[in-house]
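Please look first at the chain as a whole, and then follow the text as it turns to single parts. The explanation moves from the overall fold to helices, a buried loop residue, aromatic rings and, last, a loop elsewhere in the chain.

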Amino acid sequence: MWARDFRSQLKAHLQHEWDLVVIGGGITGAGILLEAARRGLRVLLMEQRDFAWGTSSRSSKLVHGGLRYLKEGKFGLTRESVQEREALLHDAWGLVTPQSFAFADYQGRKPGRWLFALGLAIYDLIAGRRGRHYFSKDEFNALAPHIGQEGLQGGMCYADAKTDDARLVLRVLQEADEYGGVAVNYLAARELTRNAEGVVDGVKAQCHLSGAVFEMKAKLVINATGAWADRLRPQSGQRVAQRIRPLRGSHLLFPAWRLPLAQAVSLMHPRDGRPVFAYPWEGVTLVGTTDVDHSADLQQEAVITQAEVEYLMEALHFQFPHLGLQAQHALSSYAGVRPVVDTGAADPSKEGRDHVLWLEQGLLTVTGGKLTTFRTIALDTLRHAAPLLKRDLDLRPGPIFAPGPGLPPYFPLTAFQRERLEGRYGRFAAALLSSAHAEDWQTVGASDYLWAELRWMLRNEAVFKLEDLMLRRSRLGILLAQGARAELPRILLLCKQELNWSEERCQMEASAWLDLWQRNYSLPQAPADAEWQAAILANAA
């Protein structure tokens, strides 16, 4: 947790000689911080923006075994992913939850019933499960209504899982704090320092909020910046080949009543055969994903393009021809950049998803991999780090999260709310509810969030900008219409109370948020509504 005076005491928090300094505050960096701190290492994580600002808040939100990797013969990656999926379902219940997927079997369409059934049998074998997968046409229509009927013969179902990716990062960081790990957002690595032999031995960093400059010494610096990894690697003192191929994945979110699904529906896109899915997530329906080369500046937020909107809509019209879905029905969009290692494949979707590590003049870079396997990536990184630290580390995996005490029965919550809060906040769930005001027990708009959660986030979770709260501590900015337009006045009132923001600061933050939402989280070229922006700013005052 981050105390209210954490930032004012930043120099005191940083003036140590660290065993590890981890650069990058996504799920990979967070996982390394947790596993290193658990093993008694003195470790610092720094993130130039906000925690999970990049890929780790913009993924497809799936915790999955990688069924499609079986087709590519990557049995090891699939086995590792399935094992980690099962561990997360056990250790992070309420934050990582099961998700059933349905795949329609149409006459003459690939991959076909028997090939798919073989893949699912192997998938089950790896997970230690057994179950029925194929359903007749009538049975499948009951499981996945609204799908196209022409040529439909039946369909297959299989199990995976889903999560709130940004919230998973926060939970990992909070768990690391229990073991003494230190995580700082808005602290950018400006320069790698070196010893007399030219080996990296620390980092010069600058606070994005105050401008203050700090220098940290470390036995080992780890570059866990994902898609941004090549930007840090050239600082090793020599020209190095660019190894990362940034790939953009974009998504649309629809109101659940527009695209009502009891379970996920997966399909092969009619244009190019790529997998596309739609599934229920956080009270809406999430549709994704694209897989295209991202050539824009990585320092700018990725944004969905009109071509990607049309690609996703083409898949929806193909699979749900009678729903009359239109792009303008979407609540919001988001796009993220995946850290994929460049092998030169012509098709971006053919690039591997394995993680890789490189040691260059004392800088250990880790990149690639999947959200699901963040723990195995962290342990592999420490396996490479141990000889450099001259430490003998026990790297056997334990529980991902320590079991919490559970919420007391006297809180007036549904079973769903209990699981949800325990999964997201762990041992802090009871403190969150105990600190709630009387009016905080209401839900925020049509979402599952309680106002009590927002108050807790502002008090304890290193929120410095309105976008931190709207996009990463909560997901209200993409779940509610027009960037949670209707709830902003009350949200800004909470910011005044908990962060001591002035009216001028509220106006500035609201304006910045609305501009960001319009530019990066609405539909491409959606016209700005100056009238409602002005109304929100007036209410905030």
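The protein chain contains 19 helices and 18 strands. The model shown here is a predicted one. Its C-alpha atoms occupy a box of roughly 70 × 55 × 50 Å along the principal axes. A compact globule of 541 residues would have a radius of gyration near 24 Å, and the chain has 23 Å, so the value agrees with that expectation. Of the 541 residues, 59% are buried. Among contacts with a separation of 6 or more, 71% join residues that lie 24 or more positions apart.

Helix α7 offers a suitable place to begin a closer reading. This helix covers residues 165–178, and its 14 residues reach 21 Å from the first C-alpha to the last, close to the 20 Å expected at 1.5 Å a residue. At its start, a side-chain oxygen of D164 comes to within 3.3 Å of the backbone nitrogen of A166. Most of α7 is covered, with twelve of the 14 residues buried. The buried residues include the charged residues D165, R167, R171 and E175 as well as L168, V169 and L170. Just after the helix, G180 adopts a positive phi of about 95 degrees.

One buried residue of α7, R167, leads to another part of the chain. The side chain of R167 makes a polar contact of 2.5 Å with the side chain of E461. Where does E461 lie? E461 is placed in the loop between α13 (451–460) and α14 (466–473). Its relative accessibility is 0%, and because buried means under 20%, E461 counts as buried. Leaving aside residues up to four places away in sequence, E461 touches M1, W2, R167, Q174, Y425, W456 and R473. Of these contacts, Q174 is also among the buried residues of α7.

A second helix, α18, can be read in a similar manner. With 19 residues (503–521), α18 should span 27 Å at 1.5 Å a residue; the end C-alpha atoms are 25 Å apart, which agrees. Its buried residues include C506, E509, A510, W513, L514 and W517. An α-helix has 3.6 residues a turn, so residues three or four places apart point the same way. The spacing of C506, E509, A510, W513 and W517, all buried, may be followed along the helix with this in mind.

Aromatic rings come next. The count comes to nine aromatic pairs. In one of them, the rings of Y410 and F411 have centres 4.9 Å apart and planes at 50 degrees, so the pair is tilted. Is each of these two residues buried or exposed? Y410 has 62% relative accessibility and therefore counts as exposed, whereas F411, at 8%, counts as buried. Elsewhere, F101, Y158, F277 and Y279 form one aromatic cluster. Rings also meet charges: the charged end of R49 sits over the ring of W53, 4.2 Å from its centre, and that of R490 sits over the ring of W451, at 4.1 Å.

The last stop is P321, in the loop between α9 (306–319) and β16 (332–341). With a relative accessible area of 41%, P321 is partly exposed. Apart from residues up to four places away in sequence, P321 touches H146, I147, G148 and L316. P321 and V213 are 108 residues apart in sequence, and their C-alpha atoms are 57 Å apart in space.

How values were computed:
Residues are numbered from 1 along each chain as its sequence is written. This is a predicted model: local features need pLDDT of at least 70, side-chain atom pairs count only at pLDDT 80 or more; totals for chains, interfaces and linings use all residues. Side-chain values use heavy atoms; hydrogens and water are left out. Helices (H or I, at least four residues) and strands (E, at least two) are DSSP runs, numbered from the N terminus. The expected span of a helix is 1.5 Å times one less than its number of residues. Buried means under 20% relative accessible area, exposed over 50%, partly exposed in between (1.4 Å probe, protein chains only). A polar contact is a pair of N or O atoms within 3.5 Å; within protein, one must be able to donate a hydrogen and the other to accept it, and residues adjacent in sequence count only if both atoms are side-chain atoms. Rings of Phe, Tyr and Trp (its six-membered ring) pair if their centres lie within 6.5 Å; planes under 30 degrees apart count as stacked, over 60 as edge-to-face and the rest as tilted. A charge sits over a ring if NZ of Lys or CZ of Arg is within 6 Å of the ring centre and within 35 degrees of the ring normal. Contact means heavy atoms within 4.5 Å. The radius of gyration is taken over C-alpha atoms; the globule rule is 2.2 Å times the number of residues to the power 0.38.
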